[in-house]
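The following exercises ask the reader to derive features of a structure from its coordinates. Each task is followed by a solution in steps.

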Amino acid sequence: MGMFWLLAFILWQIIPTQAAITVGGGGVGINIGNAGGGGAGVWIGGGINNGPTPSSPSMSKLTTAYTALQAWKSAITDDPLGILKTWVGSDVCSYKGVFCAGPGPFVAGIDLNHANLQGSLVKELSVLTDISILHLNSNRFSGTVPDTFKDLSSLQELDISNNRFSGPFPAVTLYIPNLVYLDLRFNSFSGPVPEDLFNKRLDAIFLNNNQFEGELPQNLGNSPASVINLANNIFSGNIPASFGIASSKLKEILLLNNQLTGCIPQGIGLFSEMQVFDVSHNSLMGHLPDTISCLSDIEVLNLAHNKLSGVLPDLVCSLGSLMNLSGAYNFFSGFSQECSKLSFRKGGFDFSLNCLPGRDMQRPQPECLVIPGGGLSCLRIPSARPLVCGALLGNLEVNVTSTSP
């Protein structure tokens, strides 16, 4: 029943009318219209055949859906949980994992998460132009995403994570007009990630645990997404110097376990709503930018397993929301007074295996004689005055422009 309520809520959000939700017989009904009655009915099925009988005007859509779903069923070669045993007959709203809404009704969502199905996606699915969610995580689908998926004009959420898809980034996802949630995690996609991904109006981008490679696109910070996860790939090169200049609403970015080099850009401080910043397990060098102290909402700051150096400043350790700060396995050479207090106050503070004098569990002294990236020139704001976070954007734009070729 929990899944019915979730899908009812999602579908209710995309229908611009007043609605009342009712439950009956294992399905979820939504009555659309004024409270006084007279509204059209919406029924969400998902393997339960006790909704209203489709009216004649809707039959063409359901017939088209039937043809598409049967074509997909033919491309599924293993169904150990017997999900597709319910995919019999023309009443597609009774198929397990298929959810219908009305008036109509029409197929509005497919949720086959954790079904352990083996097979491939088929081009015929593109006729389901009313579908708003397609959730297929934790199956054994392989191949690629059909180019015809660009015709899924109502699709808002595409989750094909934890499957066996391969090949280059599925560029067709860039042309699904209303997509806001893209989840490609835990597959075998490879090659570069296109810049256009970060120009698209997505709220969540999950590409982690694939084999994507190459440099991060220069417009990475332009994305309106609140969450970007690029962890556990093979990205290399620098984090773009312009990162943060667009001042997006990014709340979480995970770049851990790649092959990134260079500095942490000063624009990081412009992400005023950032809560999680994880760049651990890379080869980043240089000193931390003071602008990190502008991350007033930051809760998790993970810098571990890099080649960062210098003194950890008071401004960073004074961040009020900070719950977890890890800089282990770097070459930091000192703490400010506030950071010394933090090490005793919060359990999520780890700076082991650095070059901190008088501290336990540090690198052997010979390893600290030559600091990696000692000659690295990081882009920093040239100012002798204390950092003023509110004045950051103008200063950074001038700096980035003056250093551009």
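**Exercise 1. The lining of the largest cavity**

Task: Determine how the residues lining the largest cavity of this predicted model divide into nonpolar, polar and charged.

Solution.
- Step 1. A search of the whole structure returns one cavity of 30 Å³ or more. The volume of the largest cavity is about 30 Å³.
- Step 2. Its lining consists of Ile110, Leu125, Leu128, Ile131, Leu134 and Leu152.
- Step 3. Ile and Leu both count as nonpolar, so the lining divides into six nonpolar, no polar and no charged residues.

**Exercise 2. The twelve-strand sheet and its edges**

Task: State the strand order of the open sheet of twelve strands, and identify which strands stand at its edges.

Solution.
- Step 1. The order is S5-S6-S8-S10-S12-S14-S16-S18-S20-S22-S24-S26, and the pairing is mixed.
- Step 2. The edges are formed by strand S5 (98–101) and strand S26 (349–350); each has a single partner strand, so one side of each lacks a neighbour in the sheet.
- Step 3. At the S5 edge, four bridges pair S5 with strand S6 (residues 106–111) in the antiparallel sense. Within this pairing, Cys100 is opposite Val107 of S6.
- Step 4. The loop between S5 and S6 holds Pro103 and also Pro105. The peptide bond joining Gly102 and Pro103 is cis, with omega about 0°, and the bond joining Gly104 and Pro105 is cis, with omega about -10°.

**Exercise 3. Parallel pairing in the three-strand sheet**

Task: For the open sheet of three strands, establish the order and the sense of pairing, then describe the surroundings of Gly286.

Solution.
- Step 1. The strands follow the order S21-S23-S25, with parallel pairing. Strand S21 (285–286) and strand S25 (331–335) are the edge strands; each has a single partner strand, so one side of each has no neighbour in the sheet.
- Step 2. Strand S23 (residues 307–312) runs parallel to S25 and is joined to it by four bridges. Ser309 has Phe331 of S25 as its bridge partner.
- Step 3. Gly286 belongs to S21. Its relative accessibility is 5%, and the cut-off for burial is under 20%, so Gly286 counts as buried.
- Step 4. With neighbours within four places in sequence set aside, the contacts of Gly286 are Lys307, Leu308, Ser309, Leu376 and Cys378.
- Step 5. Gly286 and Gly375 are separated by 89 residues in sequence, while their C-alpha atoms are 8.7 Å apart in space.

**Exercise 4. A strand that pairs on two sides**

Task: Trace the bridges of strand S13 (residues 188–191) to strand S11 (residues 164–168) and to strand S15 (residues 211–215).

Solution.
- Step 1. S11 and S13 run parallel and are joined by three bridges. Pro168 has Ser190 of S13 as its bridge partner.
- Step 2. Two bridges pair S13 with S15, again in the parallel sense. Here the bridge partner of Ser190 is Gln211 of S15.
- Step 3. Ser190 therefore links the two pairings, having Pro168 as a partner in one and Gln211 in the other, where pairing requires at least two bridges between strands.

**Exercise 5. Accessibility and backbone angles**

Task: Are Arg140, Ser138 and Leu353 buried or partly exposed?

Solution.
- Step 1. Arg140 lies in strand S9 (residues 140–143). A relative accessibility of 15% makes Arg140 count as buried.
- Step 2. Beyond neighbours within four places in sequence, Arg140 is in contact with residues including Asp78, Asn116, Gln118 and Asn163.
- Step 3. Ser138 occupies the loop between strand S8 (133–135) and S9. Ser138 has a relative accessible area of 18% and is buried. Its phi is near 65°, a positive value in a residue other than glycine.
- Step 4. Leu353 is placed in the loop between S26 and helix H5 (392–403). With a relative accessible area of 22%, Leu353 is partly exposed. Phi of Leu353 is also positive, near 55°.

**Exercise 6. The chain as a whole**

Task: How many helices and strands does the chain have, and what percentage of its residues is buried?

Solution.
- Step 1. The chain has five helices and 26 strands.
- Step 2. Of the 405 residues in the chain, 50% are buried.
- Step 3. Among contacts between residues at least 6 apart in sequence, 50% join residues at least 24 apart.

Terms used: Residues are numbered from 1 along each chain as its sequence is written. This is a predicted model: local features need pLDDT of at least 70, side-chain atom pairs count only at pLDDT 80 or more; totals for chains, interfaces and linings use all residues. Side-chain values use heavy atoms; hydrogens and water are left out. On a 1 Å grid over the protein atoms alone, a cavity is a set of points where a 1.4 Å probe fits but cannot get out, and a pocket is an open set with protein on both sides within 12 Å along at least five of seven lines; lining residues have an atom within 4 Å of a point. Grid points are joined across faces, edges and corners, and a volume is the space filled by probe spheres set on the points. Buried means under 20% relative accessible area, exposed over 50%, partly exposed in between (1.4 Å probe, protein chains only). Contact means heavy atoms within 4.5 Å.
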